[in-house]
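Colleague: Before I plan anything at the bench, I would like to go through this model piece by piece. Please keep the answers plain and end each one on the thing I asked for.

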Amino acid sequence: MPGIIDAHTHISTESTNEGSISVSSMAKIEDVLNPEDVSLYRALAGGVTTAHVLHGSANSIGGTTVVVKLRWARTPRV
């Protein structure tokens with residue numbers, strides 16, 4: 001059976017909502033992604049193999065997203 005793909009998540013991110021400006025298209029999720037966050041390993045243990053990490057919903061136009069391939073290693077591959 002193929003792994004689970006999480007199509008909408010905010011896993012392993014810090015500062016995903018920026019409420020002071022409406023358009024934050026210059027922001028990148030990969031800049032605030034913490035590859036050593038334990039939640040990535042918990043998701044992998046639950047069967048998630050790929051995660052689409054999105055920005056928060058406080059902005060009308062958010063920044064770029066990132067797809068993370070989870071695997072058992074020291075750090076997940078971005």
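Colleague: What is the order of the strands in the open sheet?

Modeller: This is a predicted model, in which local features need pLDDT of at least 70 and side-chain atom pairs count only at pLDDT 80 or more, while totals for chains, interfaces and linings use all residues. Residues are numbered from 1 along each chain as its sequence is written, and side-chain values use heavy atoms, with hydrogens and water left out. The open sheet holds three strands with mixed pairing, where two strands pair if DSSP finds at least two bridges between them. Its order is E1-E2-E3.

Colleague: Which strands are the edge strands?

Modeller: Strands (E, at least two residues) and helices (H or I, at least four) are DSSP runs, numbered from the N terminus. An edge strand here pairs on one side only. The edge strands are E1 (4-9) and E3 (66-69).

Colleague: In what sequence do the elements run from the N terminus on?

Modeller: The protein has one helix and three strands. From the N terminus on, the elements run β-α-β-β.

Colleague: Do E1 and E2 run parallel or antiparallel?

Modeller: Strand E2 covers residues 48-53 and is joined to E1 by four bridges. One of the residues with a bridge partner is Asp6, whose partner in E2 is Ala51. E1 and E2 run parallel.

Colleague: And E2 and E3, parallel or antiparallel?

Modeller: Four bridges join E2 to E3. Val53 has its bridge partner in E3, namely Val66. E2 and E3 run antiparallel.

Colleague: Which side chains of E3 point to one face and are buried?

Modeller: In a regular strand the side chains alternate between the two faces of the sheet. E3 shows this alternation, with Val67 and Lys69 pointing to one face and not buried. Buried means under 20% relative accessible area, exposed over 50%, and partly exposed in between, with a 1.4 Å probe and protein chains only. The buried pair on the other face is Val66 and Val68.

Colleague: Why are the buried residues of H1 on the same side of it?

Modeller: Helix H1 spans residues 38-45, and its buried residues are Leu40, Ala43 and Leu44. They lie on the same side of H1 because the arc they cover around the axis, taken from the directions from the helix axis to the C-beta atoms, is only 100 degrees. On the other side, Arg42 and Ala45 are exposed.

Colleague: Which strand is included in what covers the buried residues of H1?

Modeller: Just after H1, Gly47 takes a positive phi of about 110 degrees. E2 itself starts at residue 48. The cover of the buried residues of H1 includes E2.

Colleague: Which elements give two or more residues to the largest nonpolar core?

Modeller: A nonpolar core is a set of buried Ala, Val, Leu, Ile, Met, Phe, Trp, Tyr and Cys residues joined through side-chain atoms within 4.5 Å. The largest one has twelve residues, among them Ile11, Ile29, Leu33, Leu40, Val48, Val53 and Leu70. The elements that give two or more are H1, E2 and E3.

Colleague: Is Thr50 buried or exposed?

Modeller: Thr50 is found in strand E2. Leaving aside neighbours within four places in sequence, Thr50 is in contact (heavy atoms within 4.5 Å) with Ile4, Ile5, Asp6, Val67, Val68 and Lys69. Its relative accessible area is 17%, so Thr50 is buried.

Colleague: What is the C-alpha to C-alpha distance between Val38 and Ser12?

Modeller: Ser12 lies in the loop between E1 and H1, has a positive phi near 65 degrees although a residue other than glycine, and is buried at 4% relative accessible area. Val38 is in helix H1 and counts as partly exposed at 42%. The two are 26 residues apart in sequence, and the distance in space is 8.0 Å.

Colleague: How far apart in space are Ile61 and Val23, C-alpha to C-alpha?

Modeller: Ile61 has its place in the loop between E2 and E3 and is partly exposed, with a relative accessible area of 43%. Leaving aside neighbours within four places in sequence, its contacts are Ser22, Val23, Ser24 and Ser25. Ile61 and Val23 are 38 residues apart in sequence, and in space they are apart by 4.8 Å.
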